[in-house]
Amino acid sequence: GQMGGGIAQVCAAAGFQTITHDLFLTRDNPKVGIGAIRSRLERQVGQGKLDQSAMNATLANLSDTTRLEDLAGCDLVIEAVIERLEDKAVVFRTLDQACPAHTILATNTSSISITEIAKETKRRDRVIGTHFFNPPPVMPIVEIVQGLETSDETLANAKDFVSRIGKRSIFSKDRAGFIVNYLLIPYLLDAMRMYENGWAAREDIDDGMKYGCGLPMGPLVLSDFIGLDTIYYIALVLLEEFREPKYAPPPLLKRMVLAGRHGRKSGKGFYEY
């Protein structure tokens, strides 16, 4: 996916031998796996933002697979599947069996409890949250989350890894949504409710926050960029943990997700792409 590919690109560019895993991998497909990474790098070279030699070095550090078991030789595995615990649990159970005892299993979850994910393994001390932001090659920070049983050694290793890939770490306790989404998701949901209730046009909502508050983009455009399905699943996690109405997904959001209108990645959300 977009996040997994971006994280793999960052790791490979930093000099790490990196294996990407994608269930839907098709060799040389410009939209999946290494094909998508190559397309992004070629675009940067064409724009003069990246040297050809740097692109070649990054691609030389990349390989791909359709089998999770092929990650058995990795010292660190970063999971970036859909934001549903049941999907992540399958991945972590498989990785726990396939990888040696020293391997750190990290999750890119943006809302789900690290402790809850870690209980799917027999290495709870070596499971940690490393939440990258979209797009990973551009965004400068990684949110590191230590679960209840995550060891201090694992935390130190994660901090060192984030530094070595050129990112800045921020640290959160293991609470649903962590720092960023705990604050961001209610804001996005309120914008959706405002639009759903006919309070204002989508463009006016977005322009108001963009130009009135100096933000890079408005909440509905940002929601499309993040992915409406992702926001929906995060909202459900927050609602389950805190039981506050502000985290309840608006009916419009639920129906847009059911209809496959997931935002930019599907070509249609609050706007068309």
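**Close-up views of a predicted model**

**View 1. What lines the second largest pocket?** In this predicted model, the walls of the second largest pocket are built from Leu-85, Ser-111, Ile-112, Ser-113, Glu-116, Asp-174, Arg-175, Ala-176, Val-237, Glu-240 and Glu-241. Its volume comes to about 190 Å³. Which helix gives the most to this lining? That's helix α10, which covers residues 228–242 and chips in 3 residues.

**View 2. A nonpolar patch sits on the surface around Leu-183.** Three residues make up this patch: Ile-179, Tyr-182 and Leu-183. Put together, they have about 270 Å² of accessible area. Zoom in on Leu-183 and you'll find it in helix α7, which runs over residues 180–196. Is Leu-183 buried or exposed? Its relative accessibility is 60%, so Leu-183 counts as exposed, since the cut-off for that label is over 50%.

**View 3. Met-209 and its neighbours in space.** Met-209 belongs to helix α8, made of residues 202–212. If you skip the residues up to four places away in sequence, Met-209 touches Tyr-187, Gly-214, Leu-215 and Pro-219. Its relative accessible area is 25%, so Met-209 ends up as partly exposed: that label fits values between the buried limit (under 20%) and the exposed one (over 50%).

**View 4. How far apart are Met-209 and Leu-252?** Along the chain, 43 residues separate Met-209 from Leu-252. In space, going from C-alpha to C-alpha, the two are 21 Å apart.

Conventions
Residues are numbered from 1 along each chain as its sequence is written. This is a predicted model: local features need pLDDT of at least 70, side-chain atom pairs count only at pLDDT 80 or more; totals for chains, interfaces and linings use all residues. Side-chain values use heavy atoms; hydrogens and water are left out. Patches are made of residues with over 30% relative accessible area and no salt bridge: like charges are joined within 9 Å, nonpolar side chains (Val, Leu, Ile, Met, Phe, Trp, Tyr) within 5 Å. Accessible areas come from the Shrake-Rupley method with a 1.4 Å probe; for residues, only the protein chains shown count as cover. A salt bridge is a side-chain nitrogen of Lys or Arg within 4 Å of a carboxyl oxygen of Asp or Glu. Helices (H or I, at least four residues) and strands (E, at least two) are DSSP runs, numbered from the N terminus. Buried means under 20% relative accessible area, exposed over 50%, partly exposed in between (1.4 Å probe, protein chains only). Contact means heavy atoms within 4.5 Å. On a 1 Å grid over the protein atoms alone, a cavity is a set of points where a 1.4 Å probe fits but cannot get out, and a pocket is an open set with protein on both sides within 12 Å along at least five of seven lines; lining residues have an atom within 4 Å of a point. Grid points are joined across faces, edges and corners, and a volume is the space filled by probe spheres set on the points.
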